[in-house]
Amino acid sequence: MQAINVPLRYLMGILFIMAIYMSVRGSAGDTAQVTIPVDSAQVTIPVDSAWNIQMLNENPRSGTQLKGYPIVPYRDTLFFIYTNYGSATPEERAGVISKRLDRLYREYQVKKDSLALLDHGHSVDMTYKDRIILSITDLDAAWFGETKMAIAERYMQALTSDIQSFKRNRSILFLLKQSGLTVLVIFLQVILIRGLNLLFRRKINIYLQGKREEWFNGIRIKNYEILNSEREMIGILFLSKMVRYLIIILLLYLSIPILFSIFPATQRIAEALFGYILNPLKKIGGSLISYIPELFTIIVIVIITRYLLKFLNFLSSEIQNENLKIPGFFPDWAKPTYNIIKILVLAFMFVVIFPYLPGSDSAVFKGVSVFLGIVFSLGSSSIIGNIVAGLVITYMRPFKIGDRIKIGEILGDVTEKTPFVTRLRTPKKEYITIPNSSILASSVVNYSTSKNHDGIILFTSVTIGYDAPWRQVHQLLIDAALKTGYIQSDPRPFVLQTSLDDFYVTYQLNAHTMEPSLQPAIYSELHQHIQDGFNEAGVEIMSPHYRSSRDGNAMAIPREYWPKDQPGQQTPGQP
């Protein structure tokens, strides 16, 4: 078959090779060959498989890079294997060559003169005595763009140099020199550790103890002493010991790779040990350097947010102090509104910063974020309910700090309002904490608001028998109210007859006061005056739950209030 020269252009070369391959497939029993120019020589390659065509298409001149498998018999990488050899893949081929070289290096006396190159036409074999070490094929030549013999000579030179280095490092003189270096490193390490111990024990610790009264006076936060001087001194000495141990561990860790690096056979272990420290440091350093632009972006966002919050805080303070007035916006709304806006601004800042955080796009970071969100959602329903109720209460303004209010059956003064709870101080000096959600679901009576307007009406009821004239009862109740402190005469107290029961009439006394916070004392004094007034007038106060079997002889009022001319003054049993 006539040889065809592959054009220099990649596309035309692929079309030509594909055409040749198809023509070879069409002919029976023939093996196609392609001759390509390699440097100044002509290399003929059998095109007997699709792999060969792929290798031709992916040679370095096309810009395509395949994975190479290194050959490292001793320390350095001699070369890489990129191509197949028959049915063996590049990885399998590299493994076979490495095993042969390992066997070669294990021989006590390796003679470089016994290495030879044999050209068989289709391949060039590198042999040692009667053993084949490796073979260079036409595919290797096509891949590297060199002749098979040029590649083999280059491999031969690298292998010869490596064998000389291997033999030199196995000599008795070299081993003695390396042993001496090992002893020297160990000796220096012992000296360093002993010197470090003496430095800390006899110099640093003694110096710190001498500065005890000057430097270590204890640690305080306002009036609370976290550490006294003695405990602080113990902590400093313990920290000094930990630093000493850390330096010793670091010295040992650094000396072990140095010892391993002395002998060629253990140099890889030394590189691995150094890599355990250097590689993370390089990675961290590289990550920090590459993260600097994102870090500056985060800093700028944080600074802008900080000064925005300062400006909003200034506005809220001005509104709260009534220096700035906004129609329809009450001063006590200023701080709660600022806190809400602050949370929203911080949340927005976090959303903006989140893509710039290191690892924010990792699956672990996203998984942790989702997990925390689920935990917060499931465990914070009552918390969120109280916060929402607190916001509603804030803007409803049913009460403020210091108001006397009644929530359900609880009466007291408001001492504290938080986003979650409200605290009351009862007249009995009891402090009661009520969740905001409970307040929102209950009725709230604000007595302090009434004080600032028309005051409140105090009312109390008494039950009087039908034998007492109702006009007299009205006057007695009104007189008792007017005698009571903090009861206003204008508007005048008034009485309502609320029911006519079987044995008595229920009278309700109503009186105005401007001091709702003094209700217990006012009620107590009012009840005293009612008792005195009715007793002096000889009118009995009948309780709804009180019955008396009357024989007509005794009255249900104290003896000192009995009329002297009233018949039937004797008590039962008296003559």
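**Exercise 1. The lining of the largest cavity**

Task: Find which element gives the largest share of the lining of the largest cavity, and describe the cavity itself.

Solution: Keep in mind from the start that this is a predicted model.

- Step 1. Begin with the share: β7 supplies the largest part of the lining, 3 residues.
- Step 2. Now list the lining in full. It consists of Phe80, Ile81, Tyr82, Thr83, Arg93, Ile97, Leu134, Ser135, Ile136, Asp140, Phe144 and Tyr155.
- Step 3. Match these residues to elements. Those that give two or more residues to the lining are β4 (79–81), α3 (90–106), β7 (131–137) and α4 (138–144).
- Step 4. Sort the lining by chemistry: 8 residues are nonpolar, 2 are polar and 2 are charged.
- Step 5. Finish with the volume, which is about 40 Å³. The search of the whole structure turns up 1 cavity of 30 Å³ or more.

A word on how such spaces are found: rolling a probe the size of a water molecule over the atoms shows where empty space is left.

**Exercise 2. The largest pocket**

Task: Work out how much space lies in the largest pocket and which residues lie nearest its centre.

Solution:

- Step 1. The space in the largest pocket comes to about 580 Å³.
- Step 2. Its lining has 22 residues, and nearest the centre lie Pro336, Asn339, Thr394, Thr418 and Pro419.
- Step 3. Two or more lining residues come from each of α10 (334–353) and α12.
- Step 4. The largest share of this lining, 6 residues, belongs to α10.
- Step 5. By chemistry, the lining holds 10 nonpolar, 7 polar and 5 charged residues.

**Exercise 3. Ala389 in helix α12**

Task: Helix α12 gave residues to the pocket lining. Go now to Ala389 in that helix: is Ala389 buried or exposed?

Solution:

- Step 1. Locate the residue: Ala389 sits in α12, which covers residues 381–396.
- Step 2. Apply the cut-off: a residue is buried when its relative accessible area is under 20%. Ala389 has 2% relative accessibility, so Ala389 counts as buried.
- Step 3. Look for its contacts. Apart from neighbours within four places in sequence, Ala389 is in contact with Asn436, Ser437 and Leu440.
- Step 4. Check a C-alpha distance too. Ala389 and Ala441 are 52 residues apart along the chain, and their C-alpha atoms are separated by 9.2 Å.

**Exercise 4. Gln519 in helix α16**

Task: Decide whether Gln519 is buried or exposed, and find which residues Gln519 touches.

Solution:

- Step 1. Gln519 belongs to helix α16, residues 519–537.
- Step 2. The relative accessible area of Gln519 is 10%, so Gln519 is buried.
- Step 3. Setting aside residues up to four places away in sequence, Gln519 touches Tyr447, Ile456 and Leu458.

**Exercise 5. Three loops with backbone features**

Task: Find where the cis peptide bond is, and describe the phi angles of Glu322 and Lys429.

Solution:

- Step 1. The cis peptide bond joins Asp490 and Pro491, with omega at about 5°. Pro491 is in the loop between α15 (470–483) and β16 (494–500).
- Step 2. Glu322 is not a glycine, yet its phi is positive, about 65°. Its loop runs between α9 (267–320) and α10. With a relative accessible area of 46%, Glu322 is partly exposed.
- Step 3. Lys429, also a residue other than glycine, has a positive phi near 60°. Its place is the loop between β12 (421–425) and β13 (431–435). The cut-off for exposed is over 50%, and Lys429 counts as exposed at 61% relative accessibility.

**Exercise 6. Helix α8 and the whole chain**

Task: Compare the reach of helix α8 with the expected span, then step back to the chain as a whole.

Solution:

- Step 1. Helix α8 takes in residues 229–262, which makes 34 residues. From first C-alpha to last, α8 reaches 50 Å, close to the 50 Å expected at 1.5 Å a residue.
- Step 2. The buried residues of α8 are Glu232, Met233, Ser240, Arg244, Ile248, Ser255, Pro257 and Ile262.
- Step 3. Across the chain there are 16 helices and 17 strands. Of its 575 residues, 31% count as buried.
- Step 4. Among contacts with a separation of 6 or more, 55% are between residues 24 or more positions apart.
- Step 5. The chain exposes about 36,900 Å², and carbon and sulfur atoms supply 61% of that area.

Note on methods. Residues numbered from 1 in each chain as written. Predicted model: local features only at pLDDT ≥ 70, side-chain atom pairs only at ≥ 80, totals over all residues. Heavy atoms only, no water. Helix = DSSP H or I, 4+ residues; strand = E, 2+ residues; numbered from the N terminus. Expected span 1.5 Å × (residues − 1). Buried < 20%, exposed > 50% of the residue type's maximum accessible area, 1.4 Å probe, protein only. 1 Å grid on protein atoms, 1.4 Å probe; cavity = no way out; pocket = protein on both sides within 12 Å on 5 of 7 lines; lining within 4 Å. Points joined across faces, edges and corners; volume = space filled by probe spheres on them. Nonpolar A, V, L, I, M, F, W, Y, C, P; charged D, E, K, R; others polar. Contact = heavy atoms within 4.5 Å. Areas by Shrake-Rupley, 256 points an atom, 1.4 Å probe, with all protein chains shown as cover.
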